[in-house]
Amino acid sequence: MNLSISNIVFILGIILWLLIRIPYQQIQRQNIIIDERKSLQEKILRILVWTGIIFLPFIYVLSPWLNFANYHLPIWANGLGIAIFALSLWLFWRSHHDLGQNWSSTLQIREGHTLTTNGVYQNIRHPMYASVLLTSVAQVLLLSNWIAGLSGLISFIIAYATRVSQEEQMLLNSFGDEYEAYRQRTKRLIPYLF
């Protein structure tokens, strides 16, 4: 077992990450869906992200199976990882909170769906993706293992590159000019930059 402080912080953070989602998943179940784009690709991406951010890190922390790929980081990197993870958890919670009933774990539009442009959505269109990116960066800094540490970042990059354009097209189809105007005044992940 690899029970260092940084590994325990990561695992506890992931448990908190999962707990943040529970009330929003319950709300989502009550939604009447009018446009859902579940596909095999969507299911594969979800499995990939779960594997990269949850499954492989848990295997690394709870068993010696991945120890052959360990590396060493200075203590300041762990501290930076903890700070980035704390920011990612706040952004993850705030993204869910600001979306409220509009949140969905898959590509879907619900009955009564509105375009959220306030709160953390005021400056970036995809703060939830930004929070997962931050989680993935924290994972590299907290889990000193080439497989478990990088698996979250690699799976996020693949999922983001594959999914975000589909999500934006669905929102453009649903909200038209309103979404296009929102797209023009915001960035995707990093306020004022990207």
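The bend at a residue is the angle between two axes, one fitted to the seven residues ending there and the other to the seven starting there. Helices (H or I, at least four residues) and strands (E, at least two) are DSSP runs, numbered from the N terminus. What I present today is a predicted model, in which local features need pLDDT of at least 70 and side-chain atom pairs count only at pLDDT 80 or more, while totals for chains, interfaces and linings use all residues. Residues are numbered from 1 along each chain as its sequence is written, and side-chain values use heavy atoms, with hydrogens and water left out.

Let me start with helix α5, residues 146–175. Its 30 residues should span 44 Å at 1.5 Å a residue (the expected span is 1.5 Å times one less than the number of residues), and the end C-alpha atoms are 42 Å apart, which agrees. Within α5 there is a kink of about 35 degrees, centred on R163. At the start of the helix, a side-chain oxygen of N145 comes to within 2.9 Å of the backbone nitrogen of I147. After α5 comes G176, with a positive phi near 55 degrees.

I turn now to the largest pocket, whose volume is about 930 Å³. On a 1 Å grid over the protein atoms alone, a pocket is an open set of points where a 1.4 Å probe fits, with protein on both sides within 12 Å along at least five of seven lines; lining residues have an atom within 4 Å of a point. The volume is the space filled by probe spheres set on the points. Of the 41 lining residues, R21, S104, S105, M128 and R163 are the closest to the centre. Helix α5 gives the largest share of the lining, eight residues. By class, the lining has 25 nonpolar, ten polar and six charged residues; here Ala, Val, Leu, Ile, Met, Phe, Trp, Tyr, Cys and Pro count as nonpolar, Asp, Glu, Lys and Arg as charged, and the others, Gly among them, as polar.

Finally, helix α4. Which residue has a side-chain polar atom 3.4 Å from the backbone nitrogen of M128? That residue is S95, which lies in helix α3 and, at 0% relative accessibility, counts as buried (under 20% relative accessible area, 1.4 Å probe, protein chains only). In α4 itself, 13 of the 16 residues are buried, so the helix is largely enclosed by the rest of the structure. V132 belongs to α4 and is buried, with a relative accessible area of 11%.

Definitions and conventions
Buried means under 20% relative accessible area, exposed over 50%, partly exposed in between (1.4 Å probe, protein chains only). A polar contact is a pair of N or O atoms within 3.5 Å; within protein, one must be able to donate a hydrogen and the other to accept it, and residues adjacent in sequence count only if both atoms are side-chain atoms.
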